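Colleague: Please look closely with me at one sheet in this model, strand by strand, and then place that sheet beside other parts of the chain. I am in my first year, so please go slowly and explain any term that your reasoning depends on.

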Amino acid sequence: MPLTFLLEVFAEHTREDAFVFAGRASTYGWLTERIEHWAAPLREADIDRGTVVMLEAGFSPDAVALLLALLHRGAIVVPAAPSSQHHTERFAEIAQVEAMVRIDAERGLQARPTGCTADHPLYDQLGEHPGLVLFTSGSTGEPKGIVHDVTRLLDKYRVRRRCHRTVAFLLFDHIGGLDTALYSLSNGSCLVLVDDRTPDGVCQAVQDHRAEVLPVAPSFLNLLALSGAHQRYDLSSLRFVTYGAEMMPAATLDRCQQMFPGVTLLQKYGTSEVGTLRSKSRSSDSLWVKIGGEGYQTRVVDGQLEILARSSMLGYLNADSPFTADGWFKTGDDVEVDGEYIRFLGRASDVINVGGRKVHPAEVEGIILALPNIDEVAVMGEANPLMGQIVCAQLRTVTPEDLGPLRRRVREACRQQLDAYKVPIKIELATAPLTSARHKVHRHPTP
């Protein structure tokens with residue numbers, strides 16, 4: 001069974017903490033017992049090998065135990081965190097979910113059949129192996145359902161790595177969140193689970209539980225700097241702050257250097273389609289990073305990153321294959337290359353074409369985010385009969401600010417650091433958050 005090596009790790013660390021959640025610690029012995037506990041309710045619910053199951057849960061010790069129990073049973077699991085509740089029905093339809101399960105604090109496992117029969121050809125490719133279905137963010141279209149063979153996905157966790165107390169900041173149905181959990185559990189580490197993902201909530205968890213690793217998104221780090229929460233708590237236990245899931249603005253990285261002196265800042269990279277690669281930043285103040293590791297190869301073709309991975313998904317449930325004829329995954333990420341290191345420029349699909357010249361939104365967003373009182377920014381293109389597209393920006397401020405002066409100082413900052421065609425023509429205030437629960441910037445044409 002693919003989970004056998006994990007159970008062996010758990011047995012080695014029976015009395016040590018696997019989780020801290022809501023002020024309570026749970027040991028690896030408890031985790032092993034809980035995985036066994038869920039076997040009977042799953043059997044009674046007719047959830048067996050090959051059953052496509054949607055697990056509606058956030059990060060909690062019991063949710064992780066149930067996820068592992070489902071995989072150990074050979075099911076095909078579709079995690080759905082609370083932040084995805086507005087998409088649950090569509091996710092279930094795309095994945096052909098046959099049973100919905102959730103944990104009730106009083107009644108235990110709650111399972112209900114959907115009446116659907118899963119017959120997608122990708123599921124046949126799993127054979128006897130358990131499966132995992134994740135969904136892309138869908139910020140620029142319908143979410144794509146990604147099918148993984150869990151046996152292949154777990155292979156990289158067999159190699160023992162460093163043991164650190166780690167905060168589970170990224171979500172339960174996000175490849176980054178699952179990677180954090182699997183890395184921690186496969187090394188007998190303690191996973192600090194948080195319900196409150198505000199700057200104060202996360203800093204409180206780091207302080208109270210002496211967390212050593214904080215894996216977050218750049219948008220959170222920017223919010224943390226603006227809130228000043230890092231000054232209100234004892235974060236001296238931190239050894240690593242890792243960031244990924246979106247582009248890191250240079251200004252935010254500079255702020256992180258000031259917030260976390262003596263802490264190693266490490267850029268991470270992964271996709272839902274191939275998993276999370278090992279990475280090494282050139283330095284804590286550099287956006288250049290080397291990625292790869294066992295089971296991964298990388299190459300750059302026409303300025304875009306491609307990855308060959310043993311852990312690659314089997315395919316999309318509802319979209320065409322993104323693989324080349326020789327099996328490389330086309331990430332769609334534009335990059336620059338300097339020897340073994342690369343620097344991410346942004347998604348090719350986000351590029352704005354201004355009179356035939358390319359503008360990467362992340363470059364403009366980074367300059368605007370460096371300005372005082374800017375909370376969030378999203379830069380996008382808008383159709384223009386003369387130029388093809390023009391650059392537009394939507395902003396959210398920390399405190400209210402008149403739009404006229406705001407526009408002037410944003411344009412002035414951009415003119416000082418960018419070519420004229422990259423300076424936003426339209427600048428508007430947004431009334432809704434510009435970053436999703438998965439820390440992806442919402443880029444759409446301004447109204």
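Modeller: One term is needed before anything else: two strands count as a pair if DSSP finds at least two bridges between them. Please also keep in mind throughout that this is a predicted model.

With that in hand, we can turn to β24 and β25, which form a hairpin with 3 residues between them. Strand β25 covers residues 388-397, and the two strands pair in the antiparallel sense over 10 bridges. To follow this pairing by eye, you can find methionine 380, which stands opposite cysteine 392 in β25, and then glycine 381, whose bridge partner in β25 is valine 391.

The hairpin belongs to an open sheet of 3 strands, in the order β24-β25-β26, and the pairing in this sheet is mixed. Its edge strands are β24, residues 374-384, and β26, residues 426-429, each of which pairs on one side only. From one strand to the next, the twist averages 25°. The pairing of β25 with β26 is in the parallel sense and runs over 4 bridges; here glutamine 394 has glutamate 428 in β26 as its bridge partner. The antiparallel pairing of β24 with β25 and the parallel pairing of β25 with β26 are thus found side by side in a sheet whose pairing is mixed.

Two helices pack on this sheet, and they are best taken in turn, starting from the antiparallel pair of β24 and β25. Helix α12, residues 361-369, touches β24 and β25, and its direction makes about 145° with that of β24. Helix α13, residues 403-417, touches β24, β25 and β26, with a direction that makes about 135° with that of β26.

How much of β25 is buried? A residue is called buried when its relative accessible area is under 20%, and 7 of the 10 residues of β25 are buried, so this strand is largely enclosed by the rest of the structure.

It helps to set this sheet beside another one. In that other open sheet, 7 strands follow the order β6-β5-β3-β4-β7-β8-β19, and the pairing is again mixed. The edges are held by β6, residues 108-113, and β19, residues 315-316, and each has a single partner strand, so one side of each is left without a neighbour in the sheet. Within this sheet, strand β3, residues 52-56, and strand β4, residues 76-80, pair in the parallel sense over 5 bridges, and valine 53 has valine 77 in β4 as its bridge partner. Helix α4, residues 61-73, packs on the sheet and touches β3, β4, β5, β6 and β7, and its direction makes about 175° with that of β3.

Helix α4 also leads us to the packing of side chains. In soluble globular proteins, nonpolar side chains tend to be buried together. In this model the largest nonpolar core has 48 residues, among which Phe10, Leu31, Leu55, Leu70, Phe172 and Leu185 touch the most other members; α4 gives the most to this core, with 9 residues. Leucine 185 makes a good example to select on screen, since, not counting residues up to four places away in sequence, this leucine touches Leu6, Val9, Phe10, Ala18, Phe19, Tyr28, Leu31, Val64 and Leu68. There is also a second, separate core of 29 residues, including Val202, Leu214, Leu235 and Met248.

The cysteines deserve a last look. A disulfide is a covalent bond between the sulfur atoms of two cysteines. The structure holds 0 disulfides. Why does cysteine 256 have no such bond? The closest cysteine sulfur to that of cysteine 256 belongs to cysteine 203 and is 12 Å away, which is too far for a bond, whereas a disulfide is counted only when the two sulfur atoms are within 2.5 Å. Cysteine 256 counts as buried, at 1% relative accessibility, while cysteine 116 is partly exposed, with a relative accessible area of 30%.

Key:
Residues are numbered from 1 along each chain as its sequence is written. This is a predicted model: local features need pLDDT of at least 70, side-chain atom pairs count only at pLDDT 80 or more; totals for chains, interfaces and linings use all residues. Side-chain values use heavy atoms; hydrogens and water are left out. Axes are lines fitted to C-alpha atoms, for helices over the stretch in contact, and angles run from 0 to 180 degrees between N-to-C directions. Contact means heavy atoms within 4.5 Å. Buried means under 20% relative accessible area, exposed over 50%, partly exposed in between (1.4 Å probe, protein chains only). A nonpolar core is a set of buried Ala, Val, Leu, Ile, Met, Phe, Trp, Tyr and Cys residues joined through side-chain atoms within 4.5 Å.
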